[in-house]
Amino acid sequence: MRAVAAVAVLAAGLGGAAAAQPSGRVVGTVKVIEADGQPAVADVVVYLLGFNEPPTDKVTTIAQKGRKFVPGLVAITLGEKVEFPNFDPFLHNVFSQSPPRKFDLGSFPKGETKQTAFPELGVVDVYCNIHPEMAATIIVLPNRRHTVAGPDGKFVLDGVPPGDWTVFGFVRRAKPVSTTVTVKAGADATVEIAIVRGAEPAHLNKYGEKYKDGGPTYR
């Protein structure tokens with residue numbers, strides 16, 4: 001349900017292309033807490049919807065290291081690519097069954113890198129078919145106004161055209177949280193976002209089956 005809701009939101013955010021004009025900024029803080037009310041340490045992507053922009057030629061990296069995807073959450077612009085280098089001394093298999101981008105990069109050893117493009121908007125959950133504890137999420141967005149909040153929760157979105165927009169905070173294991181903002185040329189618009197996240201959901205392997213050993217606990 002989280003991914004379906006997020007895809008619908010992203011599709012609704014496909015407006016006209018942003019015209020060249022003086023821009024402003026969206027600045028603020030995002031706070032993440034666990035369901036029990038305790039502060040959480042988590043990667044948070046902050047993004048803005050309401051217009052579209054062309055992609056860059058940037059290739060985002062999600063490394064496979066220590067039986068983890070690092071980082072576990074990234075945002076890219078529609079049409080950009082993500083690469084998956086393997087730094088572990090054993091095989092990994094990178095795949096996704098998410099409707100916006102189903103793919104299977106197969107198994108590959110240390111020192112090899114595979115990549116894929118993302119031609120559809122939405123939320124793509126990525127897993128390893130060998131190690132069920134490995135999980136990452138890629139958010140494919142209609143423009144380049146996205147960033148990762150710092151360890152202190154602070155963020156800055158530069159180059160935002162003047163207008164009324166919707167700003168989202170996204171963290172794995174939670175639904176995106178949004179707020180509206182009015183941006184004026186040459187000025188900062190400030191927002192505060194709070195997100196409550198839950199447990200890591202269970203998932204199946206690339207064949208739609210349970211992992212044979214049941215898999216270790218998610219971290």
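Which residues does L48 touch, not counting those up to four places away in sequence? The list is V26, N143, R145, L157, V160, W165, T166 and V167. The model is predicted.

## Overall fold

The chain has 219 residues, and buried residues make up 46% of them. Its secondary structure comes to 1 helix and 17 strands.

Contacts reach far along the sequence. Take the contacts between residues at least 6 apart: 66% of them join residues at least 24 apart.

## Nonpolar cores

The largest nonpolar core has 22 residues. Those with the most contacts inside this core are V26, V30, L48, V181 and I195. Six strands each supply at least two of its residues: β1, β2, β14, β15 (163–170), β16 (177–183) and β17. The largest share, 4 residues, comes from β17.

L48 and V26 are both on that list of residues with the most contacts inside the core, and L48 touches V26. L48 also touches R145, a residue that returns below as a salt-bridge partner.

A second, separate core holds 18 residues. V82, F84, L105 and A136 are among them.

## The largest pocket

The largest pocket has a volume of about 720 Å³. Its lining has 31 residues, and the closest to the pocket centre are V41, A42, D43, G72 and R197. Two elements give two or more residues to this lining: β1 (24–34) and β5 (69–70). β1 gives the most, with 3 residues.

What is the make-up of the lining by nonpolar, polar and charged residues? It divides into 17 nonpolar, 3 polar and 11 charged.

## Salt bridges

Side chains of opposite charge can pair when their charged atoms come close. The structure holds 8 salt bridges.

E53 and R145 meet through their side chains in one salt bridge, at 3.2 Å from N to O. The pair links distant parts of the chain, 92 residues apart. E53 is in the loop between β2 (45–49) and β3 (59–61), while R145 is in the loop between β12 (135–141) and β13 (146–148). Are these two residues buried or exposed? E53 counts as buried because its relative accessibility is 15%, under the 20% cut-off. R145 is buried as well, with a relative accessible area of 14%.

E133 and R67 form another salt bridge, at 3.9 Å from N to O. This pair also links distant parts of the chain, 66 residues apart. E133 is in the loop between β11 (122–128) and β12, and R67 is in the loop between β4 (63–64) and β5. The two residues fall in separate accessibility classes: E133 counts as buried at 11%, whereas R67 counts as partly exposed at 38%.

K206 forms a salt bridge with D104, and the closest N and O atoms are 2.9 Å apart. K206 is in the segment after β17 (188–197). D104 is in strand β9 (residues 103–108). The two are 102 residues apart along the chain. K206 counts as buried at 16% relative accessibility, whereas D104 is partly exposed at 43%.

Salt bridges also form a network, which links R25, D158 and D188.

## Two further sites

K154 is found in strand β14 (residues 154–160). Why does K154 count as exposed? Its relative accessibility is 53%, and exposed means over 50%. Leaving aside neighbours within four places in sequence, K154 is in contact with G28, T29 and A149. K154 and T29 are 125 residues apart along the chain, yet their C-alpha atoms are separated by 4.3 Å.

S98 has its place in the loop between β8 (92–96) and β9. S98 is buried, with a relative accessible area of 8%. Not counting residues up to four places away in sequence, S98 touches V123, V124 and D125.

Note on methods. Residues are numbered from 1 along each chain as its sequence is written. This is a predicted model: local features need pLDDT of at least 70, side-chain atom pairs count only at pLDDT 80 or more; totals for chains, interfaces and linings use all residues. Side-chain values use heavy atoms; hydrogens and water are left out. On a 1 Å grid over the protein atoms alone, a cavity is a set of points where a 1.4 Å probe fits but cannot get out, and a pocket is an open set with protein on both sides within 12 Å along at least five of seven lines; lining residues have an atom within 4 Å of a point. Grid points are joined across faces, edges and corners, and a volume is the space filled by probe spheres set on the points. Ala, Val, Leu, Ile, Met, Phe, Trp, Tyr, Cys and Pro count as nonpolar, Asp, Glu, Lys and Arg as charged, and the others, Gly among them, as polar. A salt bridge is a side-chain nitrogen of Lys or Arg within 4 Å of a carboxyl oxygen of Asp or Glu. Buried means under 20% relative accessible area, exposed over 50%, partly exposed in between (1.4 Å probe, protein chains only). Contact means heavy atoms within 4.5 Å. A nonpolar core is a set of buried Ala, Val, Leu, Ile, Met, Phe, Trp, Tyr and Cys residues joined through side-chain atoms within 4.5 Å.
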